[in-house]
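Got your viewer open? Let's take a short walk through this structure, one selection at a time.

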Amino acid sequence: MLTAFLVVFFLGTQIGLWLLFVKAGRPGWESLIPFYREYIITKLTGRPWWWVILLVVPIINLFIGIGLYIDFVRCFGRRSFLDQVGTIIVPFIVFPLWGADKTVTYWGASATEEFKKKYPYKKSATREWADAIVFAVVAATLIRTFLIEAYMIPSGSMERSLLTGDFLFVSKINYGPRLPMTPIAFPFAHHTMPITGTKAYWDGLEMDYRRLPGLQKIKRNDVVVFNYPMEADEPFNRPVDKRENYIKRAIGIPGDTISIVNAQVYVNGKQGITPVEGQLMYEVTTDGTDINLDRINDMRIDGGSTGQANQYVFYLTPSLANTIKGWANVKEIKPLIYPKGTPEPTQDIFPQGADWNRDNYGPVIVPHQGWTVQLNEQTVPIYERAITIYEGHTFEKKGDGYYIDGAKATSYTFKMNYYWMMGDNRHNSLDSRFWGFVPEDHIVGKALFVWLSLDDKGSFFDKIRWNRIFMGIH
């Protein structure tokens, strides 16, 4: 269906351009050559020739291209709001119609006095507002899609590096803007309409994954926003770019070997960086007197009593743990580390059936594009999801071995790069330890800085965390 639509779009637009070029006194073949075609259009519209150079600049080329083609159809008397909308959205329909219409003629590179007399036109107040609104929506959508997007931290998985209620700007250009995979969608709504609760997109047209060149590749320990990969499963099964946004730290990049020993991450056999504000779950034992939970709340510490006498559990950074250790009624404080071989107590670990837990995990190799993995009982549980869900193949185990897309296979070569994402709040984070790798087509962008931070526990006067505004993210 998509291929047929693209063929119709291309052929219809090209036929229309050929006819319009001929109407303007140019050879029709000039409409067939990209960039040269646009150079001719600058001559037909009276625009500077160097606009063609701007057509190779990402983001800018969208504005220049739209403006150039709107000027082009204006030269044929197509000046109405609907004419402009048709030029942008359905050129494969309107261009051939105008090209075949004998009443449509070329009036020159500019709106000459004769043209103005023949087609007097003054924008109404309604048209002025409509143009302003359309421009604002288009500009904001392009900026949000290709440059920068606002994001709010919804949970505590990155505490205390990032706090619940932090509002961030996420850069799309650092890793390269991802072209829309579900292009027909309601502006500014991610996947659900705010009032009706219905889908904010139409999944009848889905595009293949494409990404424009970026300023950099994802570096180890970057804080990255990405689409939640488990939404590929039921009941949601949304398109990739409409899945929920998550934010984690890229602990592992393509090709890395990741392991966790007693809550310490190791990357390629070397001790990984521990976030300064990262948290673990600590068990606190008192001398019999209660801990003042109001004081704990004022310190913005999560946790509470275990239900056993003198026992508390809190999520703490090392510095906070040292602070509480100094309290007079605290006898002992220690991190709660699940020993090797202990089953994960709260939920399934990735992959299911592995004898691992959140604190003692792996090792696993993060796939990279072009890497070939041998298929066996050890590797299949780890990589089957990537092969089937993310790269779109069928996978079956039979008595004589493994079959991919119906053909027997002893190995598989990956088509995409993958990443290993973990939250800084290591004992309160749903991350790659529980659902595996994040494919490159799920990457949204790089977290840049906090532009606003709201404390839901704060009073009226201290609701805003002023010290976090414009704080860089590292």
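Start by selecting Ile-66, Tyr-69, Ile-70, Val-73 and Arg-74 in helix H4, then add Gln-84, Thr-87 and Ile-88 in helix H5: this is where the two helices meet. Sorted by class, that contact has five nonpolar, two polar and one charged residues. Keep in mind that you're looking at a predicted model.

Now show the whole of H4 (residues 60-74) and H5 (residues 81-89). They pack at an angle of about 130°, and their axes are 10 Å apart. Angles of 65 to 115 degrees count as roughly perpendicular and those over 145 as roughly antiparallel, so H4 and H5 are oblique to each other. Their crossing is right-handed.

Next stop: helix H10, residues 318-325. Which of its residues are buried? Pick Leu-320, Ala-321 and Ile-324 and you have them. These buried residues sit on the same side of H10, because they cover an arc of only 105° around the axis. Spin the view to the face turned away from that buried side, and you'll find the exposed residues Asn-322 and Lys-325. To see what covers the buried residues, bring up strand S8 (280-286), helix H9 (293-298), strand S10 (311-316) and strand S11 (330-335), which are among the covering parts.

Last, select Asp-424, in the loop between strand S18 (418-422) and helix H12 (432-435). Is Asp-424 buried or exposed? It's buried, with a relative accessible area of 1%. Leaving aside residues up to four places away in sequence, Asp-424 touches several others, including Ser-157, Glu-159, Arg-249 and Gln-279.

Technical notes. Residues are numbered from 1 along each chain as its sequence is written. This is a predicted model: local features need pLDDT of at least 70, side-chain atom pairs count only at pLDDT 80 or more; totals for chains, interfaces and linings use all residues. Side-chain values use heavy atoms; hydrogens and water are left out. Axes are lines fitted to C-alpha atoms, for helices over the stretch in contact, and angles run from 0 to 180 degrees between N-to-C directions. Helices (H or I, at least four residues) and strands (E, at least two) are DSSP runs, numbered from the N terminus. Angles under 35 degrees count as roughly parallel, over 145 as roughly antiparallel, 65 to 115 as roughly perpendicular and the rest as oblique. A crossing is left-handed if the near helix is turned anticlockwise from the far one by less than a right angle, and right-handed if clockwise. Contact means heavy atoms within 4.5 Å. Ala, Val, Leu, Ile, Met, Phe, Trp, Tyr, Cys and Pro count as nonpolar, Asp, Glu, Lys and Arg as charged, and the others, Gly among them, as polar. Buried means under 20% relative accessible area, exposed over 50%, partly exposed in between (1.4 Å probe, protein chains only). The arc is that of the directions from the helix axis to the C-beta atoms.
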